[in-house]
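Me: I should like to learn how to read a buried residue and a helix in a model. May we take one case of each?

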Amino acid sequence: MAEQFDVIVIGGGPGGYVAAIRAAQLGLKTACIEREHLGGICLNWGCIPTKALLRTADVARTFQHAGDYGLSTQGWSFDLEKVVQRSRKVAGQLNGGVRHLLKKNKVTTIDGEARLLGQGRVAVTNGGKALGEYQSKHIIVATGARARELPGLEADGKLVWTYKKAMTPDVMPKRLLVIGSGAIGIEFASFYAALGSKVIVAEVVDRILPAEDEEISEMARKAFEKQGIRIVTSAKIGALKKGADEVSTTLEAGGKTETVTVDRVILAVGIVGNVENLGLENTKVKVEKTHIVTNEWLETDEPGVYAIGDVAGAPWLAHKASHEGVICVERIAGLHPHPLDARQIPGCTYSHPQVASVGLTEKKAKELGHEVRVGRFPFIGNGKAIALGEPEGLVKTIFDAKTGELLGAHMIGAEVTELIQGYTVAKTMETTEAELMETVFPHPTLSEMMHESVLAAYGRAIHF
């Protein structure tokens with residue numbers, strides 16, 4: 001007979017393993033099935049190892065500007081193999097940590113590939129060999145997503161890279177083309193540029209970081225161009241032509257076409273959901289544009305089958321997946337969680353400078369009919385930013401002029417990925433400008449700019 005569980009989670013990424021742990025905490029007999037590596041793409045090939053690489057880039061920039069801090073270096077270099085090894089070691093450490101957490105919470109971990117058979121049944125294979133069949137009234141699909149490839153822009157792992165190969169390079173390209181300027185593309189552009197690559201970023205829309213507020217996108221572009229990164233927007237990109245150890249393509253923008261030859265290309269043109277070979281045809285689950293369709297409680301059209309995280313659609317963020325996992329499981333357990341409001345989900349880009357945001361952009365707020373008050377405070381007006389040697393950046397806040405509701409917050413500059421959570425908490429608590437103005441911010445900190453930006457929206461900024 002098939003082994004019975006209260007909850008079966010398919011996928012052990014940041015959505016899946018969190019859902020499994022929360023289910024076990026609530027007293028549900030739980031299994032987590034993972035075909036490749038616990039922690040998913042985020043922990044093993046995404047969020048965490050890229051931050052390890054970007055930390056190396058930050059240290060490299062410190063070396064490059066040591067003289068600004070009264071320090072002297074007699075030249076510096078890097079060992080690419082050791083840079084990659086450190087990143088992989090960090091990922092490996094956390095992978096083991098996830099397995100420990102699942103074991104600690106008495107979650108049954110099954111290494112293999114799952115397939116839905118219908119009526120609450122799941123078959124698992126490993127290497128083509130059947131491991132067994134399992135039964136549950138509640139099955140959560142958390143299979144994540146993978147890099148999108150476009151015709152003429154296919155990755156080969158040698159000259160044309162997806163994020164996975166870009167994280168484990170065997171050579172440091174002297175010339176690099178990054179196709180796509182979302183968070184992934186910009187982070188890789190920032191890393192490789194810091195270590196000496198001549199980087200071009202090509203984007204098909206009219207600005208980089210297109211999900212961000214337009215003012216922030218423009219500031220980011222100027223900052224990256226100042227660092228020597230070339231940015232081409234509204235670009236039409238031709239098919240890639242591969243040579244022995246270089247790649248050529250055409251870039252058309254502004255009515256001009258040029259041929260570009262580089263050593264390597266990184267594709268960062270979005271993702272597609274992992275919906276294949278799951279046995280979804282044995283269920284009523286609907287798939288649209290490679291993503292599983294769910295309602296606000298993460299339920300699919302198949303009773304007892306749920307979907308969370310990247311496979312369930314945008315925004316494709318690890319913290320969104322984790323939160324959805326908790327909501328889904330608590331609903332199953334009969335608790336009363338709140339549905340996830342996408343406007344309360346912060347987004348972060350860990351480039352140099354960093355970019356972070358939550359809520360509506362200024363343009364979107366106006367499109368939705370809000371009369372807005374906008375506050376801005378520049379890093380140059382903050383003592384801590386100047387002391388750090390990071391005087392370039394901006395904190396921007398958007399309020400509803402009638403109610404004082406904080407509609408959105410947008411930041412660019414040093415450590416803004418750590419600061420944004422302050423505004424996220426404020427939005428979740430439905431804070432107005434009054435509470436934010438009355439909050440005491442410590443001095444000297446970068447966070448003081450958050451206060452000043454709120455004050456600026458109401459004509460009360462002190463330090464600028």
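Reply: The dialogue below treats a serine in a strand and then a helix, in a model that is predicted.

Me: Is Ser136 buried or exposed?

Reply: Buried means under 20% relative accessible area. Ser136 has a value of 4%, and is therefore buried. Its place is in strand β6, which covers residues 129–141.

Me: Which backbone oxygens does the side chain of Ser136 reach?

Reply: A polar contact is a pair of N or O atoms within 3.5 Å. The side chain of Ser136 lies 3.1 Å from the backbone oxygen of Phe5, and a polar atom of that side chain is 2.9 Å from the backbone oxygen of Asp6. Leaving aside residues up to four places away in sequence, Ser136 touches Phe5, Asp6, Val7, Ile8 and Gly120.

Me: What span should helix α11 have?

Reply: The expected span is 1.5 Å times one less than the number of residues. For the 13 residues of α11 (416–428) this gives 18 Å, and the end C-alpha atoms are 19 Å apart, which agrees.

Me: Where do the buried residues of α11 lie around the axis?

Reply: The buried residues are Val416, Thr417, Leu419, Ile420, Tyr423, Thr424, Ala426 and Lys427. They cover an arc of only 160°, so they lie on the same side of α11. The face turned away from that side carries the exposed residues Glu418 and Thr428.

Me: What covers the buried residues of α11?

Reply: The cover includes strands β21, β22, β24 and β25, together with helices α12 and α13. Just after α11, Glu430 takes a positive phi of about 60°.

Technical notes: Residues are numbered from 1 along each chain as its sequence is written. This is a predicted model: local features need pLDDT of at least 70, side-chain atom pairs count only at pLDDT 80 or more; totals for chains, interfaces and linings use all residues. Side-chain values use heavy atoms; hydrogens and water are left out. Helices (H or I, at least four residues) and strands (E, at least two) are DSSP runs, numbered from the N terminus. Buried means under 20% relative accessible area, exposed over 50%, partly exposed in between (1.4 Å probe, protein chains only). A polar contact is a pair of N or O atoms within 3.5 Å; within protein, one must be able to donate a hydrogen and the other to accept it, and residues adjacent in sequence count only if both atoms are side-chain atoms. Contact means heavy atoms within 4.5 Å. The arc is that of the directions from the helix axis to the C-beta atoms.
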